[in-house]
Amino acid sequence: HGQGSDPVNTFSIKASATGELAGLKVGSFWPGNPANGLPRHNSLILLFDQQIGKIAVAIEAGKVNAFRTAAANAVAADLLARPDASVLTVFGTGHQARYECAALARIRPIRTVLIVGRDSSKSADMARDLQAAGLNAQISDAESACRAADIIVTATPSRTPLFNAEWVNAGTHVVSMGSDTV
């Protein structure tokens with residue numbers, strides 16, 4: 001984990017290798033980006049030439065990474081959530097939260113999306129966008145949303161507790177993003 005020249009801007013580096021590829025992903029989080037019409041998160045993927053160790057490919061991967069993260073979370077939810085899971089609660093109203101809702105709705109019969117956000121206007125915008133995409137999206141408070149949820153997604157940079165464990169029903173699947181930092 002690292003930070004930009006302004007400590008509020010952060011990034012992380014993750015590396016991996018297969019038999020044919022080796023590389024790394026630099027994921028950045030710049031909280032002020034929405035003021036510039038940009039998402040807070042972005043990614044750069046670098047792949048090494050396996051013969052000489054120099055960078056062979058650089059991929060601007062902000063959108064690809066948003067799809068990949070949402071797809072991985074949807075696959076996990078499909079395998080781990082109860083078969084009848086149809087109520088999705090999402091904490092967060094930003095870039096990644098929307099990808100998460102779209103991915104889960106593609107593989108599960110999501111009949112209701114409950115949105116919990118800190119900013120009521122952003123929550124309303126997200127609800128309208130999801131409704132336009134054919135989802136029954138509603139704004140909710142945290143406790144009601146957790147108690148009704150079959151699947152809970154946290155897609156927020158919040159560093160404060162989002163909900164009480166007592167509000168979550170047994171068997172509810174939780175997808176937690178952002179919990180890999182202090």
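**Exercise 1. Locate Asn33 and determine whether it is buried or exposed.**

Solution. Asn33 is found in the loop between E3 and E4; helices (H or I, at least four residues) and strands (E, at least two) are DSSP runs, numbered from the N terminus. The model is predicted: local features need pLDDT of at least 70, side-chain atom pairs count only at pLDDT 80 or more, and totals for chains, interfaces and linings use all residues. Residues are numbered from 1 along each chain as its sequence is written, and side-chain values use heavy atoms, with hydrogens and water left out.

Step 1. The classes are: buried, under 20% relative accessible area; exposed, over 50%; partly exposed, in between (1.4 Å probe, protein chains only).
Step 2. Asn33 counts as buried because its relative accessibility is 15%.
Step 3. Contact means heavy atoms within 4.5 Å. Leaving aside residues up to four places away in sequence, Asn33 touches Leu38, Pro39 and Arg40.

**Exercise 2. Describe how E4 pairs with its neighbours E3 and E5.**

Solution. Two strands pair if DSSP finds at least two bridges between them.

Step 1. Strand E3 (residues 22-29) and strand E4 (residues 41-48) run antiparallel and are joined by seven bridges. Leu24 has Leu46 as its bridge partner in E4, and Val26 has Leu44.
Step 2. Towards strand E5 (residues 55-60), E4 pairs in the antiparallel sense over five bridges. Here Leu46 has Ala58 as its bridge partner. Leu46 is thus bridged to Leu24 and to Ala58.
Step 3. E4 and E5 form a hairpin with six residues between them. In the turn, Gly53 has a positive phi of about 80°.
Step 4. The open sheet holds five strands in the order E1-E2-E3-E4-E5, with antiparallel pairing. Its edge strands, each pairing on one side only, are strand E1 (2-3) and E5.

**Exercise 3. State which helix lies across E3, E4 and E5, and which elements line the second largest pocket.**

Solution.

Step 1. H1 lies across these three strands and runs at about 95° to E4. Axes are lines fitted to C-alpha atoms, for helices over the stretch in contact, and angles run from 0 to 180 degrees between N-to-C directions.
Step 2. On a 1 Å grid over the protein atoms alone, a pocket is an open set of points where a 1.4 Å probe fits, with protein on both sides within 12 Å along at least five of seven lines; lining residues have an atom within 4 Å of a point.
Step 3. The second largest pocket contains about 320 Å³ of space. Its lining has 16 residues, of which Ser16, Gly23, Leu24, Lys25 and Ile45 lie nearest its centre.
Step 4. Strand E2 (10-17), E3, E4 and H1 each give two or more residues to this lining.

**Exercise 4. Identify the residues that touch the most other members of the largest nonpolar core, and the elements that build it.**

Solution. A nonpolar core is a set of buried Ala, Val, Leu, Ile, Met, Phe, Trp, Tyr and Cys residues joined through side-chain atoms within 4.5 Å.

Step 1. The largest such core has 26 residues, and those touching the most other members are Leu88, Val90, Val113, Ile115, Leu130, Ile151 and Val153.
Step 2. Two or more residues come from each of helix H1 (62-80), strand E6 (87-91), helix H2 (95-107), strand E7 (112-116), helix H3 (120-132), strand E9 (151-155) and strand E10 (173-177). H2 gives the most, with five residues.
Step 3. A second, separate core of ten residues includes Phe91, Leu114, Val116 and Ala142.
Step 4. The buried residues of H2 are Gln96, Ala97, Tyr99, Glu100, Cys101, Ala103 and Leu104. They pack against H1, E6, E7, H3, E9 and E10.
Step 5. Leu130 touches Cys101, Val113, Ile115, Leu135 and Ala137, residues up to four places away in sequence not being counted.

**Exercise 5. Determine which residues of E9 are buried on each face, and which strands E9 joins.**

Solution.

Step 1. In a regular strand the side chains alternate between the two faces of the sheet.
Step 2. Ile151, Val153 and Ala155 are buried on one side of E9, and Ile152 and Thr154 on the other.
Step 3. E6 and E9 run parallel and are joined by four bridges; Leu88 stands opposite Ile151.
Step 4. E9 and E10 also run parallel, with five bridges; Thr154 stands opposite Ser176.

Terms used:
Points joined across faces, edges and corners; volume = space filled by probe spheres on them.
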